[in-house]
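Please open the model in your viewer, with the cartoon shown and side chains ready to be switched on. The tour below moves from one selection to the next.

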Amino acid sequence: GGGACKFDGKNFYYYSKNEGFRSNQVVNILQDKTGILWFASYGGGVIKINENGFTHFSTIPELNRSTIYTIYEDKKGNIWFGTQSGNLIKFNRDTFYTYTQQEGFVGEKVRDILEDRNGNLLIAIQNGGICKFDGKSFSYYRNQHSNLVAGAFSLFEDCKGNMWFGLLHKGVVKYDGHSFTHFKLRKENVYEDVRSITEDSKGNM
């Protein structure tokens with residue numbers, strides 16, 4: 001990887017190990033509501049950039065030199081980090097909280113995080129399916145498609161409130177709140193990885 005690149009409209013500026021990153025493999029970027037930039041990296045933890053420069057989180061082992069797959073800001077301004085090891089970390093702008101098996105969170109490789117319209121946090125776990133956190137406890141989607149959603153990689157809520165789960169090697173699953181529908185993206189049972197989902201102005205997915 002080549003790190004991160006900034007374009008100011010005229011010139012490109014690069015940020016890598018030479019500038020203070022601990023990894024050149026940046027896998028996710030978030031700009032939060034206060035303007036702070038957060039970078040998730042492979043093997044280099046999390047980097048925060050604001051007007052004071054770079055910040056590394058040396059006191060938080062999993063955010064220091066491990067692999068972080070995703071960063072997400074919820075409606076309350078909490079920052080959530082999904083780790084390769086399977087832990088879920090929340091930063092409320094003051095304190096870090098880590099959710100593990102002891103708190104009821106089970107899984108490996110947290111690939112995506114999304115807050116739905118009801119305020120629930122949905123977590124895509126590559127080796128554990130889809131998890132929902134209501135702020136107090138964790139629950140998991142268990143149904144006839146449990147083997148499918150076990151490869152969860154990406155999440156999206158459409159304008160009608162349907163949840164879409166992008167999967168590794170298995171296409172995509174839609175959940176309407178009652179039932180699951182599996183969509184094949186190719187013919188002859190050859191499925192693609194769905195690493196990102198969005199909706200256009202006409203409602204097309």
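Two strands are said to pair if DSSP finds at least two bridges between them. With that in mind, and remembering that this is a predicted model, begin by selecting residues 4-7, which are strand 1, together with strand 2: the two pair in the antiparallel sense over four bridges. Within this pair, show the side chains of Phe7 and Phe12, since Phe7 stands opposite Phe12 in strand 2. The connection is a hairpin with four residues between strand 1 and strand 2, and in its turn Gly9 has a positive phi of about 105°.

Next, select Ser23, which you will find in the loop between strand 2 (12-15) and strand 3. Is Ser23 buried or exposed? Its relative accessible area is 4%, and buried means under 20%, so Ser23 counts as buried. Now display the backbone atoms around the Ser23 side chain: a polar atom of that side chain lies 3.1 Å from the backbone nitrogen of Gln25, and the backbone oxygen of Tyr42 lies 2.7 Å from a polar atom of the Ser23 side chain.

Move on to residues 46-50 and 53-56, which are strand 5 and strand 6; they run antiparallel and are joined by four bridges. Here too the strands form a hairpin, in this case with two residues between them, and if you label Asn50 you can look for its bridge partner in strand 6, which is Gly53.

The next selection is a sheet. Colour strands 7, 8, 9 and 10, which form an open sheet in the order 7-8-9-10 with antiparallel pairing. Strand 7 and strand 10 (96-99) are at the edges, and each has a single partner strand, so one side of each is left without a neighbour in the sheet. From one strand to the next, the twist in this sheet averages 20°. Inside it, strand 8 (residues 79-83) and strand 9 (residues 88-91) run antiparallel and are joined by four bridges; Gly82 has Leu88 in strand 9 as its bridge partner.

A further open sheet of four strands has the order 11-12-13-14, and its pairing is antiparallel. Why does one side of strand 11 (110-115) and of strand 14 (138-140) lack a neighbour in the sheet? Strand 11 and strand 14 stand at the edges, each with a single partner strand, so one side of each is left open in this way. The twist here averages 25° from one strand to the next. Select strand 13 (residues 129-133) with strand 14 to see an antiparallel pair over three bridges, in which Lys132 stands opposite Ser139 in strand 14.

Finish at the largest pocket, for which the computed volume is about 410 Å³. Its lining consists of 20 residues, and to centre the view you can select Asn28, Thr70, Arg111, Asp112 and Arg195, which lie nearest its centre. The elements that give two or more residues to this lining are strand 3 (26-31), strand 7 (68-73), strand 11 and strand 15 (152-157). Which strand gives the most to the lining of the largest pocket? That is strand 15, with five residues. If you colour the lining by class, you will find 12 nonpolar, four polar and four charged residues.

Note on methods
Residues numbered from 1 in each chain as written. Predicted model: local features only at pLDDT ≥ 70, side-chain atom pairs only at ≥ 80, totals over all residues. Heavy atoms only, no water. Axes fitted to C-alpha atoms, helices over the stretch in contact; angles between N-to-C directions. 1 Å grid on protein atoms, 1.4 Å probe; cavity = no way out; pocket = protein on both sides within 12 Å on 5 of 7 lines; lining within 4 Å. Points joined across faces, edges and corners; volume = space filled by probe spheres on them. Nonpolar A, V, L, I, M, F, W, Y, C, P; charged D, E, K, R; others polar. Buried < 20%, exposed > 50% of the residue type's maximum accessible area, 1.4 Å probe, protein only. Polar contact = N/O pair within 3.5 Å; in protein donor to acceptor, adjacent residues only side chain to side chain.
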